[in-house]
Amino acid sequence: MKDIKIIVATHKKYEMPRYSYYLPLHVGKKGKDDLGYVGDDTGENISEKNPFYCELTGIYWAWKNLKADYIGLVHYRRQFKGKNKKENNLFDCILSNDEIDKILNETDIILPKKRNYFIENLYNHYKHTMYIEPLDITGKILKEDYPEYYKYFEKLHKRTSAHMFNMFIMKREYFNSYCEWLFDILGKLEKRVGNSKYDTFHARFYGRISELLFDIWIEKNNLKYKEISVMSMEKVNWIQKGGSFLLAKFTGKKYGKSF
């Protein structure tokens with residue numbers, strides 16, 4: 001078996017995968033009650049930034065503290081779907097150790113299947129549902145400090161699909177490279193925008209922007225990957241989600257919560 005650690009980002013007590021590759025991680029643990037999981041406030045960490053960085057505090061913790069040949073992230077309520085079709089327990093259906101080993105014999109990165117935004121491109125979708133200023137400033141940072149990536153950022157105006165949720169399993173060398181790049185950009189973004197001008201929901205833009213940056217990094221570096229379906233461990237209200245998107249697009253009402 002390979003040396004793999006996949007953190008399961010959570011902020012509450014929840015049923016967890018039983019496969020040995022998975023490591024439950026309490027993200028945003030600093031100052032919170034103990035859930036019985038490893039906290040992202042141990043070792044070198046940025047746990048206090050979780051209200052803004054979301055699951056990225058878990059990614060940072062893994063980067064600085066985990067020793068493994070492959071590192072990954074899933075969520076307590078979103079998992080990579082395996083081939084097991086049992087329906088008595090959803091956790092019997094997630095991607096198993098053996099399946100992960102087999103896939104990583106063929107590729108260096110496992111990603112979720114792309115989410116398609118059929119009505120509009122990624123830039124316009126972000127503009128309609130969130131405040132666009134932080135994303136525009138991110139583009140300026142790339143243009144100034146990482147110009148070789150900027151043309152891929154500009155593709156946000158044309159692309160209508162993306163690998164979302166910050167979910168992945170990848171080789172350590174790629175993970176290190178990605179984190180160095182990502183957290184440098186976000187640190188510069190934090191200095192230029194700050195968090196005080198947005199409410200608690202919209203102040204989490206660092207996590208959302210990182211979802212868009214991920215594909216920019218993947219594409220620019222021409223990395224080989226395998227896409228796996230994502231399964232939700234909880235019911236999704238697609239009517240409410242779709243209605244909120246249409247309100248955002250046609251009335252300018254921004255999202256006010258996660259779905």
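Modeller: A charge sits over a ring if NZ of Lys or CZ of Arg is within 6 Å of the ring centre and within 35 degrees of the ring normal. The model is predicted: local features need pLDDT of at least 70 and side-chain atom pairs 80 or more, while totals for chains, interfaces and linings use all residues. Residues count from 1 along each chain, and side-chain values use heavy atoms, without hydrogens or water.

Colleague: Over which ring does the charged end of Arg208 sit?

Modeller: The charged end of Arg208 is 4.2 Å from the ring centre in question. That ring belongs to Phe201.

Colleague: How far is Lys220 from the ring centre of Tyr149?

Modeller: Lys220 lies over the face of Tyr149. Tyr149 itself is buried (under 20% relative accessible area, 1.4 Å probe, protein chains only), at 7%. From the ring centre to Lys220 is 5.3 Å.

Colleague: What geometry does the aromatic pair of Tyr146 and Tyr149 have?

Modeller: The structure holds 19 aromatic pairs (ring centres within 6.5 Å, six-membered ring for Trp). For Tyr146 and Tyr149, the centres are 6.1 Å apart and the planes meet at 80 degrees. Planes over 60 degrees apart count as edge-to-face, under 30 as stacked and the rest as tilted. So this pair is edge-to-face.

Colleague: How many residues apart in sequence are the parts that Tyr178 and Phe214 tie together?

Modeller: Tyr178 and Phe214 form a tilted pair, 4.8 Å centre to centre, with 45 degrees between the planes. Tyr178 lies in helix 7 (residues 172–193) and Phe214 in helix 8 (residues 205–220). Tyr178 is buried at 1%, and Phe214 is buried at 2%. The pair therefore links parts separated in sequence by 36 residues.

Colleague: Which Trp residues belong to the aromatic cluster with Phe168 and Phe175?

Modeller: This one cluster also takes in Tyr146, Tyr149, Tyr178 and Phe214. Its Trp members are Trp181 and Trp217.

Technical notes: Buried < 20%, exposed > 50% of the residue type's maximum accessible area, 1.4 Å probe, protein only. Helix = DSSP H or I, 4+ residues; strand = E, 2+ residues; numbered from the N terminus.
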